Number of protein chains: 2
Amino acid sequence: MKRARLNPEQVVQAACDMADAEGLEATTLSALARALGIQPPSLYRHIDSYGALIAAIAARGLEDLRERLSSAAAGRSGPTAVHAVADAYRAYAHEHPGRYAATTAFGTIRGHDAYGTAGQAILDVLSATLREWDLDDPARIDAIRGLRAALHGFVSLERSHGFAMDQSVDGSFTALVNALIAGLDAGGGPA
Amino acid sequence: MKRARLNPEQVVQAACDMADAEGLEATTLSALARALGIQPPSLYRHIDSYGALIAAIAARGLEDLRERLSSAAAGRSGPTAVHAVADAYRAYAHEHPGRYAATTAFGTIRGHDAYGTAGQAILDVLSATLREWDLDDPARIDAIRGLRAALHGFVSLERSHGFAMDQSVDGSFTALVNALIAGLDAGGGPA
DNA sequence: CGGGGAAAGCTAATGACATTAGCTTTTTGC
DNA sequence: GCAAAAAGCTAATGTCATTAGCTTTCCCCG
């Protein structure tokens, strides 16, 4: 019988993979221990708590996501950049549903701040994506919040079968991003 | 010692109140039984399961929400109607965070369809709100999906302290709704 | 080469949870 | 007033996360 000899890195990696494959809710300490060939209490040699594990998955998700968004934004500007970033955001959420879900599992994460800076980095990328509109600060923050809310809301509803009609979801997403871009062009602040 | 003599209606009502006051995660069968002065297994005389209870909370939340949106939309049209409905949506989520959270707790709800029709009713209200734009059917569904995604995403991030900067969140919400309206006016479908 | 300490595993136990089975009490309808 | 249904109860099970305390394994240093 082979001893595992694990380290925190491997544990988090396995948890990320399990979350993507089986769902975040199925990623329990028991299931993770089973998958790793050890007993549940042994996991505490590598992680502080269940909440800390979910926070670690979330942190990794945010880092990966930031990288994808950066790549999508590189060498693009204006509407093209916004579409590229939006598509990259949605693609990441689909490819790594567990990591993405952890990112938004605020309930279990509260207090574990491992992912605070990673979240800020995402906002920086979004901000850079909007550079061409040259927004001054109240409007800039409004735009970032709106973009993030729209992306998160769409992906969240989509991931949970929130869109019943069998019309193309891709098209609806493109239309939403176009609407936000139209809003940026219109530029009118709060009436 | 007073016997409770409960019925399903009262149990769901108490669960809704507890969810709003203590949070949906704190609304366990044990805590609910404690609050009602009975033992946990006795709850099964009134509900089928924990999942069914959450689904019942969600159904009530959707019904209440539909009513609020209907009221907000009545006698209004165009951008005014959209703003009124959006504000009503956000206000409901703030006033009844537990019910609203249940509405989007797709994981525990899956399979309990008590809330299916209520969800459809919400979409009907949103559709009516957009009447003035006279959208034909692919664009109409895109607009509804986009509006719902934006509202849900914003409220969801807001509820979980997703907006760090201390700039006014009200203003950001108004700006987002304005952007969506600008998108409706621009009307361009997917490029 | 050998020993000692740290790292990483283990078993056993606890307390919260949902859930089932089966019993008792209360209410209600005739 | 009585019988049956409705609504409560206790006891037990299985799944969680988590803690305490023990043992094994590895690695470094003398």
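Here are some notes on this predicted model, in which two protein chains, A and B, sit with DNA strands C and D.

1. Ground rules. The model is predicted, so local features need pLDDT of at least 70 and side-chain atom pairs count only at pLDDT 80 or more, while totals for chains, interfaces and linings use all residues. Residues are numbered from 1 along each chain as its sequence is written, chains are lettered from A and ligands numbered from 1 in the order in which they are written, and side-chain values use heavy atoms, leaving out hydrogens and water.

2. Symmetry. Turn chain B by 180 degrees, with a shift of 0.0 Å along the axis, and it lands on chain A with an RMSD of 0.0 Å (least-squares superposition on the C-alpha atoms of residues with pLDDT of at least 70 in both copies). That is how a two-fold axis relates its copies. Within chain B, Gly153(B) comes closest to the rotation axis, its C-alpha being 1.8 Å away. The copies meet through the same surface, because 100% of the interface residues of chain B are also interface residues in chain A.

3. Around strand D. There are 20 residues around DNA strand D, and Leu29(A), Tyr44(A), Gln39(B), Arg45(B) and His46(B) come nearest (near means that a heavy atom of the residue lies within 4 Å). Of the atoms of strand D that come within 4 Å of the protein, 66% belong to sugar and phosphate. Helix H2 (residues 29–36) of chain A gives the largest share of this surface, 3 residues (helices are DSSP runs of H or I, at least four residues, numbered from the N terminus).

4. Backbone to phosphate on D. Which backbone atoms reach phosphate oxygens of DNA strand D? Leu29(A) has a polar backbone atom at 2.7 Å from one, and so does Gln39(B), also at 2.7 Å. For Leu6(B), a backbone N or O atom lies 3.0 Å from a phosphate oxygen of that strand. (A polar contact here is a pair of N or O atoms within 3.5 Å.)

5. Around strand C. DNA strand C has 21 residues around it, the closest being Ser42(A), Arg45(A), His46(A), Tyr44(B) and Tyr50(B). Sugar and phosphate make up 69% of the strand C atoms within 4 Å of the protein. H2(B) gives the most to this surface, with 3 residues. Side chains reach the phosphates: His46(A) has an N or O atom 2.5 Å from a phosphate oxygen, Ser42(A) has a polar atom at 2.7 Å, and Arg34(B) has one at 3.4 Å.

6. Helix H1 of chain B. H1(B) (residues 8–22) has 15 residues and spans 20 Å from first C-alpha to last, close to the 21 Å expected at 1.5 Å a residue (1.5 Å times one less than the number of residues). Val11(B), Val12(B), Ala15(B), Cys16(B), Met18(B), Ala19(B) and Asp20(B) are buried in it (under 20% relative accessible area, with a 1.4 Å probe and protein chains only). Their cover includes helices H2 (29–36), H3 (50–73) and H5 (97–103) of chain B. Gly23(B) follows H1(B) and has a positive phi, near 100 degrees.

7. Tyr92(B). Buried or exposed? Tyr92(B) is buried, at a relative accessible area of 1%, and is found in helix H4 (residues 78–95) of chain B. Not counting residues up to four places away in sequence, Tyr92(B) touches Arg60(B), Gly61(B), Asp64(B), Leu65(B), Arg68(B) and Arg99(B) (contact means heavy atoms within 4.5 Å).

How values were computed. A polar contact is a pair of N or O atoms within 3.5 Å; within protein, one must be able to donate a hydrogen and the other to accept it, and residues adjacent in sequence count only if both atoms are side-chain atoms. Helices (H or I, at least four residues) and strands (E, at least two) are DSSP runs, numbered from the N terminus. Buried means under 20% relative accessible area, exposed over 50%, partly exposed in between (1.4 Å probe, protein chains only).
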